[in-house]
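This report describes charged side-chain pairs and one helix packing in a protein chain. Please consult the sequence and the structure shown below while reading.

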Amino acid sequence: TRRRVLIEYLIENQLFADAAEAQKLASGTAFDERLQYWRRRALRETFFDTSVKASVSEAEAKKLYDDQVAQLAKAKPEEEVKASHILVKEEDKAKELAGKLKGADDKAFAEAAKANSLDPGSKEDGGNLGYFGRGQMVPQFEEAAFKLKKGEISAPIQTQFGWHIIKLDDRRDKPAPKVPEFAQVKDRIIASLMHKKAQETLDGLRSKAQLEYVDPDVKKQVEAE
(Lines give C-alpha, C1' and ligand atoms only; values in the text may rest on other atoms or scores of the structure.)
Protein backbone atom coordinates (compact mmCIF):
# COMPACT_ATOMS: atom_id res chain seq x y z
CA THR A 1 0.00 0.00 0.00
CA ARG A 2 2.82 2.41 0.83
CA ARG A 3 4.52 1.67 -2.50
CA ARG A 4 1.25 2.31 -4.35
CA VAL A 5 0.75 5.65 -2.55
CA LEU A 6 4.31 6.68 -3.46
CA ILE A 7 3.85 5.69 -7.11
CA GLU A 8 0.58 7.63 -7.36
CA TYR A 9 2.27 10.67 -5.83
CA LEU A 10 5.05 10.50 -8.45
CA ILE A 11 2.50 10.15 -11.23
CA GLU A 12 0.48 13.14 -10.01
CA ASN A 13 3.67 15.16 -9.54
CA GLN A 14 4.71 14.47 -13.13
CA LEU A 15 1.24 15.25 -14.52
CA PHE A 16 1.12 18.63 -12.75
CA ALA A 17 4.68 19.40 -13.91
CA ASP A 18 3.77 18.53 -17.51
CA ALA A 19 0.68 20.76 -17.28
CA ALA A 20 2.83 23.62 -15.96
CA GLU A 21 5.31 23.14 -18.85
CA ALA A 22 2.44 23.21 -21.33
CA GLN A 23 1.30 26.56 -19.89
CA LYS A 24 4.90 27.85 -20.04
CA LEU A 25 5.03 28.42 -16.26
CA ALA A 26 8.68 27.37 -15.96
CA SER A 27 9.92 30.93 -16.25
CA GLY A 28 9.33 34.35 -14.73
CA THR A 29 10.17 36.03 -11.41
CA ALA A 30 7.85 33.92 -9.24
CA PHE A 31 9.19 30.66 -10.68
CA ASP A 32 12.81 31.79 -10.37
CA GLU A 33 12.28 32.77 -6.71
CA ARG A 34 10.71 29.39 -5.98
CA LEU A 35 13.55 27.64 -7.78
CA GLN A 36 16.10 29.56 -5.72
CA TYR A 37 14.32 28.55 -2.50
CA TRP A 38 14.40 24.86 -3.41
CA ARG A 39 18.04 25.15 -4.51
CA ARG A 40 18.95 26.62 -1.10
CA ARG A 41 16.93 23.88 0.59
CA ALA A 42 18.74 21.17 -1.40
CA LEU A 43 22.12 22.72 -0.57
CA ARG A 44 21.25 22.93 3.11
CA GLU A 45 20.17 19.29 3.25
CA THR A 46 23.25 18.14 1.34
CA PHE A 47 25.54 20.11 3.65
CA PHE A 48 23.73 18.72 6.69
CA ASP A 49 24.11 15.14 5.42
CA THR A 50 27.81 15.50 4.63
CA SER A 51 29.02 17.84 7.41
CA VAL A 52 26.70 17.10 10.33
CA LYS A 53 24.97 13.75 9.98
CA ALA A 54 28.03 11.96 8.62
CA SER A 55 30.19 13.28 11.48
CA VAL A 56 28.11 11.53 14.17
CA SER A 57 28.92 7.84 14.45
CA GLU A 58 27.35 4.96 16.33
CA ALA A 59 30.66 4.54 18.17
CA GLU A 60 30.38 8.10 19.49
CA ALA A 61 26.83 7.41 20.64
CA LYS A 62 27.95 4.19 22.37
CA LYS A 63 30.73 6.06 24.19
CA LEU A 64 28.25 8.66 25.46
CA TYR A 65 25.91 5.87 26.57
CA ASP A 66 28.71 4.06 28.41
CA ASP A 67 29.81 7.29 30.12
CA GLN A 68 26.27 7.98 31.33
CA VAL A 69 25.85 4.42 32.63
CA ALA A 70 29.18 4.72 34.46
CA GLN A 71 28.06 7.98 36.07
CA LEU A 72 24.83 6.34 37.24
CA ALA A 73 26.81 3.50 38.77
CA LYS A 74 28.96 5.96 40.74
CA ALA A 75 26.05 8.06 41.95
CA LYS A 76 25.27 7.87 45.65
CA PRO A 77 21.81 6.36 46.24
CA GLU A 78 19.16 8.87 47.29
CA GLU A 79 17.37 8.25 50.56
CA GLU A 80 13.62 7.78 50.63
CA VAL A 81 11.18 7.55 53.51
CA LYS A 82 7.73 6.02 53.74
CA ALA A 83 5.40 7.96 56.00
CA SER A 84 1.80 8.25 57.08
CA HIS A 85 0.17 11.40 58.41
CA ILE A 86 -2.95 12.85 59.92
CA LEU A 87 -3.94 16.35 58.78
CA VAL A 88 -6.16 18.60 60.93
CA LYS A 89 -6.91 22.33 60.91
CA GLU A 90 -6.54 23.19 64.59
CA GLU A 91 -3.32 23.07 66.61
CA ASP A 92 -5.22 22.01 69.73
CA LYS A 93 -6.74 19.08 67.85
CA ALA A 94 -3.30 18.08 66.58
CA LYS A 95 -1.82 18.21 70.10
CA GLU A 96 -4.71 16.13 71.46
CA LEU A 97 -4.23 13.44 68.79
CA ALA A 98 -0.46 13.45 69.19
CA GLY A 99 -0.86 12.83 72.91
CA LYS A 100 -3.25 9.93 72.35
CA LEU A 101 -1.08 8.37 69.65
CA LYS A 102 2.23 8.50 71.50
CA GLY A 103 3.67 5.00 71.16
CA ALA A 104 0.70 3.84 69.06
CA ASP A 105 1.13 0.93 66.63
CA ASP A 106 0.41 1.01 62.89
CA LYS A 107 -3.21 -0.10 63.29
CA ALA A 108 -4.06 2.55 65.88
CA PHE A 109 -2.47 5.30 63.80
CA ALA A 110 -4.30 4.16 60.65
CA GLU A 111 -7.64 4.14 62.47
CA ALA A 112 -6.99 7.63 63.84
CA ALA A 113 -6.15 8.86 60.32
CA LYS A 114 -9.37 7.42 58.89
CA ALA A 115 -11.39 9.04 61.65
CA ASN A 116 -9.72 12.47 61.79
CA SER A 117 -7.53 13.30 58.77
CA LEU A 118 -8.62 15.99 56.34
CA ASP A 119 -6.34 14.73 53.56
CA PRO A 120 -8.68 13.03 51.04
CA GLY A 121 -5.77 11.47 49.17
CA SER A 122 -4.47 9.40 52.09
CA LYS A 123 -7.25 9.31 54.69
CA GLU A 124 -8.91 6.08 53.57
CA ASP A 125 -5.51 4.37 53.38
CA GLY A 126 -4.76 5.12 57.01
CA GLY A 127 -2.80 8.27 56.15
CA ASN A 128 -0.29 6.33 54.02
CA LEU A 129 1.74 8.60 51.71
CA GLY A 130 4.02 5.90 50.32
CA TYR A 131 7.72 6.47 49.65
CA PHE A 132 9.04 9.92 48.80
CA GLY A 133 12.43 11.59 48.48
CA ARG A 134 13.70 15.04 49.26
CA GLY A 135 12.08 17.87 47.37
CA GLN A 136 8.72 16.14 46.95
CA MET A 137 6.95 17.51 50.04
CA VAL A 138 6.67 21.01 51.48
CA PRO A 139 9.86 21.90 53.43
CA GLN A 140 8.41 21.76 56.96
CA PHE A 141 6.84 18.35 56.36
CA GLU A 142 9.95 16.95 54.67
CA GLU A 143 12.30 18.16 57.40
CA ALA A 144 10.18 16.59 60.14
CA ALA A 145 9.67 13.29 58.30
CA PHE A 146 13.37 12.75 57.54
CA LYS A 147 14.33 13.41 61.16
CA LEU A 148 12.09 10.63 62.50
CA LYS A 149 13.22 7.11 63.28
CA LYS A 150 11.32 4.13 61.92
CA GLY A 151 8.07 3.71 63.86
CA GLU A 152 8.39 7.13 65.53
CA ILE A 153 5.50 9.63 65.58
CA SER A 154 6.18 13.36 65.35
CA ALA A 155 4.91 16.27 67.40
CA PRO A 156 2.40 18.42 65.49
CA ILE A 157 3.98 20.10 62.45
CA GLN A 158 2.43 23.14 60.75
CA THR A 159 2.40 23.72 56.99
CA GLN A 160 0.22 25.83 54.71
CA PHE A 161 -2.24 22.92 54.65
CA GLY A 162 -2.77 22.75 58.40
CA TRP A 163 -1.32 20.68 61.23
CA HIS A 164 0.24 17.27 60.61
CA ILE A 165 1.10 14.33 62.82
CA ILE A 166 3.63 12.19 60.96
CA LYS A 167 4.57 8.56 61.51
CA LEU A 168 7.67 7.19 59.81
CA ASP A 169 6.90 3.74 58.42
CA ASP A 170 10.17 2.93 56.66
CA ARG A 171 13.47 4.31 55.36
CA ARG A 172 15.46 3.03 52.38
CA ASP A 173 17.80 3.90 49.53
CA LYS A 174 15.86 4.86 46.43
CA PRO A 175 15.93 1.98 43.93
CA ALA A 176 18.30 2.66 41.05
CA PRO A 177 16.54 3.45 37.76
CA LYS A 178 16.47 0.65 35.23
CA VAL A 179 19.01 1.38 32.51
CA PRO A 180 17.74 0.66 28.99
CA GLU A 181 19.89 -1.32 26.57
CA PHE A 182 21.94 0.73 24.10
CA ALA A 183 19.88 -0.56 21.18
CA GLN A 184 16.74 0.90 22.76
CA VAL A 185 18.12 4.44 23.02
CA LYS A 186 20.70 4.50 20.19
CA ASP A 187 18.54 6.50 17.78
CA ARG A 188 17.69 9.10 20.43
CA ILE A 189 21.34 9.52 21.41
CA ILE A 190 22.42 9.90 17.77
CA ALA A 191 19.64 12.45 17.18
CA SER A 192 20.78 14.41 20.26
CA LEU A 193 24.40 14.37 19.10
CA MET A 194 23.36 15.51 15.61
CA HIS A 195 21.33 18.36 17.10
CA LYS A 196 24.34 19.45 19.18
CA LYS A 197 26.67 19.18 16.19
CA ALA A 198 24.25 21.14 14.00
CA GLN A 199 24.03 23.93 16.58
CA GLU A 200 27.82 24.11 16.93
CA THR A 201 28.21 24.20 13.13
CA LEU A 202 25.57 26.90 12.79
CA ASP A 203 27.16 29.00 15.53
CA GLY A 204 30.48 28.78 13.69
CA LEU A 205 28.90 29.81 10.38
CA ARG A 206 27.03 32.70 12.00
CA SER A 207 30.22 33.99 13.64
CA LYS A 208 31.88 34.25 10.22
CA ALA A 209 28.90 35.80 8.43
CA GLN A 210 27.81 39.44 8.27
CA LEU A 211 24.18 39.50 9.33
CA GLU A 212 21.91 42.52 9.12
CA TYR A 213 18.35 42.49 10.42
CA VAL A 214 16.37 44.98 8.34
CA ASP A 215 13.03 44.69 10.14
CA PRO A 216 13.27 47.24 13.01
CA ASP A 217 11.18 45.22 15.48
CA VAL A 218 13.16 42.05 14.88
CA LYS A 219 16.43 44.01 15.05
CA LYS A 220 15.41 45.49 18.41
CA GLN A 221 14.55 42.05 19.75
CA VAL A 222 17.87 40.56 18.58
CA GLU A 223 19.84 43.41 20.12
CA ALA A 224 17.96 42.99 23.41
CA GLU A 225 18.90 39.31 23.51
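A residue is called buried when its relative accessible area is under 20%, exposed when the value is over 50%, and partly exposed in between. The model discussed here is predicted. Arg-41 has a relative accessible area of 34%, and because this value lies between the two cut-offs, Arg-41 is partly exposed. By the same rule Glu-45, at 37% relative accessibility, counts as partly exposed.

**Salt bridges**

Side chains of opposite charge can pair when their charged atoms come close. Across the whole structure, a search finds 14 salt bridges. Three of them, including the pair formed by Arg-41 and Glu-45, are listed here with their N to O distances.

| Salt bridge | Distance, N to O |
|---|---|
| Arg-41 and Glu-45 | 3.0 Å |
| Asp-170 and Lys-150 | 3.7 Å |
| Asp-169 and Lys-167 | 2.2 Å |

Where in the chain do Arg-41 and Glu-45 lie? Both belong to helix H2, which covers residues 29-52, and they are four residues apart, or about one turn of the helix.

The salt bridge between Asp-170 and Lys-150 has an N to O distance of 3.7 Å. This pair links distant parts of the chain, with the two positions 20 residues apart in numbering. Asp-170 is in strand E4 (residues 162-173), whereas Lys-150 is in the loop between helix H6 (139-147) and strand E3 (157-159). Lys-150 has 62% relative accessibility and therefore counts as exposed.

Is Lys-167, the partner of Asp-169, buried or exposed? At 3% relative accessibility, Lys-167 counts as buried. Asp-169 is buried as well, with a relative accessible area of 19%, a value that is under the 20% cut-off. These two residues also take part in a network of salt bridges that links Asp-106, Lys-167 and Asp-169.

**Packing of two helices**

Two packed helices are described by the angle between their axes and the distance between the axes. For helix H3 (residues 58-74) and helix H7 (residues 182-208), the axes come within 9 Å and cross at roughly 110°. Angles of 65 to 115 degrees count as roughly perpendicular, and H3 and H7 are therefore roughly perpendicular to each other. On the H3 side, the contact is made by Glu-58, Glu-60, Ala-61, Lys-62, Leu-64 and Tyr-65. The H7 side contributes Phe-182, Val-185, Lys-186, Ile-189, Ile-190 and Leu-193. Of the residues in this contact, eight are nonpolar, four are charged and none is polar.

Definitions and conventions:
Residues numbered from 1 in each chain as written. Predicted model: local features only at pLDDT ≥ 70, side-chain atom pairs only at ≥ 80, totals over all residues. Heavy atoms only, no water. Salt bridge = Lys/Arg side-chain N within 4 Å of Asp/Glu carboxyl O. Buried < 20%, exposed > 50% of the residue type's maximum accessible area, 1.4 Å probe, protein only. Axes fitted to C-alpha atoms, helices over the stretch in contact; angles between N-to-C directions. Parallel < 35°, antiparallel > 145°, perpendicular 65-115°, else oblique. Contact = heavy atoms within 4.5 Å. Nonpolar A, V, L, I, M, F, W, Y, C, P; charged D, E, K, R; others polar.
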